[in-house]
Amino acid sequence: MKKTLIAFAALSAIAGVAQAQSTVTLYGLVDANVQSYKTNIVGTAANGLVPAGTIQNFRQTRIESGGLNGSRWGMRIKEDLGGGLSAVANLESGLALDTGASAQGGLLFGRRANVGVSSASFGTITIGRNSSSYDDVSADNAMMGQSIFDPSQTNNGPTNLALVTGTGAPTPAAFGLLARNTAWLGFNTRFNNSVKYTSPNFSGFSGSLMYAHGEDRTPTVDASRTVSANLKYANGPLLISGGYQTEGATRTGGLEPALQNTLLSVAYDFGVVKVGAGFNRAKLDEVVAGASIDAQKEWNLSVAVPLGATTLSAGYAQSKGDTLGRSRGFGIQALYALSKRSTLYAGAQSTKNYERLATFAPAGSNVGKTETYGLGLRHTF
């Protein structure tokens, strides 16, 4: 009997050690809101949305997912390999809370699906579907947190970004139709077939590099590729970061289309108020044969004021370029912490796109205006 108890105790101890060395963490975020959305678009023969020369105005009340953050659930896996080295993995699935459908085009783990190794001394390397290094610092200057009320680089992105990721043949008319909810051109946030390295923190400095190779090579056309990088310095209330990303589309017709973004951010926490500013340069290279698309110069400024359980914030953003014209917007939002994990929020945002060149849309015309008002709830677990 004693031997049986001793053996059972030994097995229990071994199982406990094994469990301590390997962990699986389930986490998630659910976010939904009721919003009133209004748009006003000038019709042209090029965009084909409404008859040329007429203006389409409509307002719609709708239930949407992801007002502050995209809804998701995921698993983080970590196993201690000894010597300070760990095996890590992350599976994360996005979902539309208003319909129950999978986000990211219906992918099961569309937000992340990667495996790798990690060490406090050399950092983390993961392979699979990763968030880009540029995206990791894109919200450093956004005191509104890239919510749907943030007029800059929000998490819903531009409506036409698929045109530079290999779906369809890009045309001048298509790139003239930049009717989007943001004042920034936008970027892709995660990539398949990628390898990503994230460094440890060295006295406030850290960095990351991601490379994604397109598996779209043919006997006559090279594969597309994406490079993304960032560098960050965080010391107390000061945060300075920079990011670069060039994302390639499928190469056809001798073109090598790519969307490039270069970002510089600064943020400072004064205690009674937090401020952030960012400058970005967005460039579309070799997207349209025979037509030059100049870079968009984009900047934003935002502030946040914490008042106990309430946080008030506001932001302004502007994008300007000789080819695609100008876009500007402003937004306000209020957060109220019901608990550590539940947040009630409300806000409004207005963005106006105007003054396109005739090659891409009628010169000097207002080709798009959007307004969003919303009230929602976010819960994390």
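**A nonpolar patch, salt bridges and paired strands**

Leu81, Val115, Val117, Phe122, Ile125, Ile127, Val195 and Tyr197 form a nonpolar patch on the surface, and together they offer about 620 Å² of accessible area. The model is a predicted one, so to speak of local features takes a pLDDT of at least 70 and side-chain atom pairs count only at pLDDT 80 or more, while totals for chains, interfaces and linings use all residues. Residues are numbered from 1 along each chain as its sequence is written, and side-chain values use heavy atoms, with hydrogens and water left out.

A patch here is made of residues with over 30% relative accessible area and no salt bridge; nonpolar side chains (Val, Leu, Ile, Met, Phe, Trp, Tyr) are joined within 5 Å, and like charges within 9 Å. Areas come from the Shrake-Rupley method with a 1.4 Å probe, and for residues only the protein chains shown count as cover. Strands β5, β6 (123–131) and β7 (190–198) each give at least two residues to the nonpolar patch. One of the patch members, Tyr197, sits in strand β7. With a relative accessible area of 33%, Tyr197 is partly exposed; buried means under 20%, exposed over 50%, and partly exposed in between (1.4 Å probe, protein chains only).

Stepping back to the whole chain, the secondary structure comes to three helices and 17 strands. Both are DSSP runs numbered from the N terminus: helices are H or I with at least four residues, strands are E with at least two. Of the 381 residues, 43% are buried. The chain has an accessible surface of about 18,600 Å², and carbon and sulfur atoms own 61% of that. As for contacts (heavy atoms within 4.5 Å), take those in the chain with a separation of 6 or more: 58% of them are between residues 24 or more positions apart.

Next come the charged pairs. The structure holds six salt bridges, each being a side-chain nitrogen of Lys or Arg within 4 Å of a carboxyl oxygen of Asp or Glu. One of them joins Arg111 and Glu92, whose closest N and O atoms are 2.6 Å apart. This pair links distant parts of the chain, 19 residues apart: Arg111 is in the loop between β4 (85–94) and β5 (112–119), and Glu92 is in strand β4. Both partners are tucked away, as Arg111 is buried at 12% relative accessible area and Glu92 is buried at 2%.

Asp140 and Lys232 also meet through their side chains in a salt bridge, at 3.8 Å from N to O. Asp140 lies in the loop between α2 (133–137) and α3 (172–176) and Lys232 in strand β9 (residues 225–235), so this salt bridge ties together parts that are 92 residues apart in sequence. Here Asp140 is buried, with 12% relative accessibility, whereas Lys232 is partly exposed at 22%. Salt bridges with shared partners also join Glu92, Arg111 and Arg112 into one network. Another salt bridge brings the side chains of Glu64 and Arg62 together (3.9 Å, N to O). Glu64 is partly exposed at 26% relative accessibility, and Arg62 is partly exposed at 22%.

On to the strands, where two count as paired if DSSP finds at least two bridges between them. Strands β10 (residues 238–248) and β11 (residues 258–269) run antiparallel and are joined by 11 bridges. Thr246 belongs to strand β10, and its bridge partner in β11 is Gln260. Thr246 is buried, its relative accessible area being 16%. Leaving out neighbours within four places in sequence, Thr246 is in contact with Arg225, Thr226, Val227, Ala258, Leu259 and Gln260.

On the list of contacts for Thr246 is Ala258, which has a bridge partner of its own: Asp285, in β12. Strand β12 (residues 274–285) pairs with β11 in the antiparallel sense over 12 bridges. β11 and β12 form a hairpin with four residues between them, and Gly271 in the turn has a positive phi of about 95°.

Last up is Leu344, found in strand β16 (residues 342–354). With a relative accessible area of 37%, Leu344 is partly exposed. Setting aside residues up to four places away in sequence, Leu344 touches Ala334, Leu335, Tyr336, Leu338, Leu375, Gly376 and Leu377. The C-alpha atoms of Leu344 and Gly376 are separated by 6.0 Å, although the two residues are 32 residues apart along the chain.
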